Amino acid sequence: MRRLLRLSVFDLSFLNLSLWHLALLNLFLACLVTSIFPGTSVAAKQPKLQMSEIMIPSGDEGVQLFVRNKHPAGRETLPDKILLFVHGATYPAETAFDLPIEGVSMMDLIAARGYDVYLVDVRGYGRSTRPAEMNQPPEANKPIVSTKVAARDLGAAVDYILNKRRVARINLMGWSWGTSIAGLYTSEHNDKVSRLVLYAPQWIRSEPPAIAPANAPPLGAYRLVSKDQAKARWLKGVPENKQADLIPPGVFDAWATATWATDPESSKQNPPMLRAPNGVVEDSANTWSAGKALYDPGKITVPTLLLHAEWDADLPSYLAQGYFAQLKNAPYKRLVELSEGTHTVMLEKNRLQFFHELMGFLDEEKPLALK
């Protein structure tokens, strides 16, 4: 099929068609290729993007935060088209949000739509400052980087962008634990947020928490994660007959290589182990898993989109539904359940479903108008 669709004007000359007919036929074939293999032309259609990276102060002495920005080159930033992304509990922002698949990342796709797009790593993740406790054995210290601390780091990034672009508000997007970071921040700073996107939101769990063994050691400052553990977690909850084609070829290895490379200590162990702060684990145990809310979503007063995928075993659908019900003061809200996707649908075969729903929410001008 692919060889057939690559026929050119010269290949078709034996048909004795006019140049005009040949041009029409080639245009038809090009459209057919795009419709059958949409990924093959995505990268070619992208406008030129400009990227910059910076370390910004967190507000705490000695702690800096990594921020990456992408936007269309040579275009003026529109005030309503600025988006900041924050990551989840284990992995940094750049390797999920800015991992190229078929030549383009999710960050690229959004920037190509005219958006000024940012990502931030909170302390302890990616290229941001690692707290000193992470250079000691995990059991030597209590859990570090709580959700409240992470929300302050997010706030530092928000203020940096507001000052840089001279705007009053921006759009926020959080993934997994990042939904609690962004949700908590927004509930206290609605005046700085235009629209809020929560991808796989955390909420109060109904299933009983796992009982730790009587001789289990106290929760340490951070935990260690292997690539095999990450792969098993990714595929948990996916029907066995759907696992083979869920993740595009090569994507898991590319993501894992890039992710573990962000931790300078990972390669010193065999197998390589990624360090991830345990503040989120402690927060979850004391709140979501204990039947308590970490913050009140009812205090969020900006338009909010919840995105979720049906095979998300980390944060099942009922959590998104429960959270949705608590958004009692958002001017409008939306909950979208994506088919055949997991907690990491942003990197999977149905990632463009994710993208289309996201952009539909961010791009709409008058969602409550009749016309």
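How much space lies in the second largest cavity? About 50 Å³. I will come back to that cavity after the overall picture. One caution before that: this is a predicted model.

The protein has 371 residues, and 50% of them count as buried. There are 12 helices and 10 strands. If you take contacts between residues at least 6 apart in sequence, 76% of them join residues at least 24 apart. The accessible surface comes to about 18,000 Å², with 55% of that belonging to carbon and sulfur atoms.

Now the interior. The largest nonpolar core has 81 residues. Those with the most contacts inside this core are Leu-84, Phe-97, Ile-110, Leu-154, Met-173, Met-346 and Phe-354. Helix H6, residues 147–165, supplies the largest share of the core, eight residues. A second core, separate from that one, has 18 residues, among them Leu-235, Ile-247, Trp-255 and Trp-311.

Let me stay with Phe-97 for a moment. Setting aside residues up to four places away in sequence, Phe-97 touches a list that includes Leu-83, Phe-85, Ile-110, Tyr-118, Met-173 and Met-346. Ser-105 is also one of the residues that Phe-97 touches.

Where is Ser-105? In the loop between helix H4 (94–97) and helix H5 (106–112). Is Ser-105 buried or exposed? Its relative accessibility is 1%, so Ser-105 counts as buried, the cut-off being under 20%. Beyond its neighbours within four places in sequence, Ser-105 is in contact with Lys-70, Phe-97, Asp-98, Leu-99 and Pro-100.

That brings me back to the cavity from the start. Ser-105 is one of the residues lining the second largest cavity, together with Ala-96, Leu-99, Ile-101, Val-104, Met-106, Leu-109, Met-346, Leu-347 and Arg-351. By class, this lining has eight nonpolar residues, one polar and one charged.

The structure holds three cavities of 30 Å³ or more. The largest has about 160 Å³ of space. Lined by 14 residues, this largest cavity has Tyr-91, Trp-175, Arg-233, His-343 and Thr-344 closest to its centre. Helix H8 gives the largest share of the lining, three residues. The classes here are six nonpolar, six polar and two charged.

Next, the largest pocket. About 940 Å³ of space lies in it. Of its 32 lining residues, Arg-205, Arg-233, Val-281, Ser-284 and Asp-314 are the closest to the centre. Strand E7 (222–225), helix H8 (227–235) and helix H10 (279–286) are the elements that give two or more residues to this lining. Which of the elements gives the most to the lining of the largest pocket? H10, with four residues. The lining divides into 18 nonpolar, eight polar and six charged residues.

Arg-233 deserves a second mention, since that name has come up twice. Arg-233 is among the residues closest to the centre of the largest pocket, and also among those closest to the centre of the largest cavity.

Last, one residue in helix H9. Ala-256 sits in that helix, which spans residues 251–261. Ala-256 has a relative accessible area of 2%, and so is buried. In sequence, Ala-256 and Leu-274 are 18 residues apart. In space, their C-alpha atoms are 10.0 Å apart.

That is the end of the tour.

Terms used. Residues are numbered from 1 along each chain as its sequence is written. This is a predicted model: local features need pLDDT of at least 70, side-chain atom pairs count only at pLDDT 80 or more; totals for chains, interfaces and linings use all residues. Side-chain values use heavy atoms; hydrogens and water are left out. Buried means under 20% relative accessible area, exposed over 50%, partly exposed in between (1.4 Å probe, protein chains only). Contact means heavy atoms within 4.5 Å. Accessible areas come from the Shrake-Rupley method with a 1.4 Å probe; for residues, only the protein chains shown count as cover. On a 1 Å grid over the protein atoms alone, a cavity is a set of points where a 1.4 Å probe fits but cannot get out, and a pocket is an open set with protein on both sides within 12 Å along at least five of seven lines; lining residues have an atom within 4 Å of a point. Grid points are joined across faces, edges and corners, and a volume is the space filled by probe spheres set on the points. Ala, Val, Leu, Ile, Met, Phe, Trp, Tyr, Cys and Pro count as nonpolar, Asp, Glu, Lys and Arg as charged, and the others, Gly among them, as polar. A nonpolar core is a set of buried Ala, Val, Leu, Ile, Met, Phe, Trp, Tyr and Cys residues joined through side-chain atoms within 4.5 Å.
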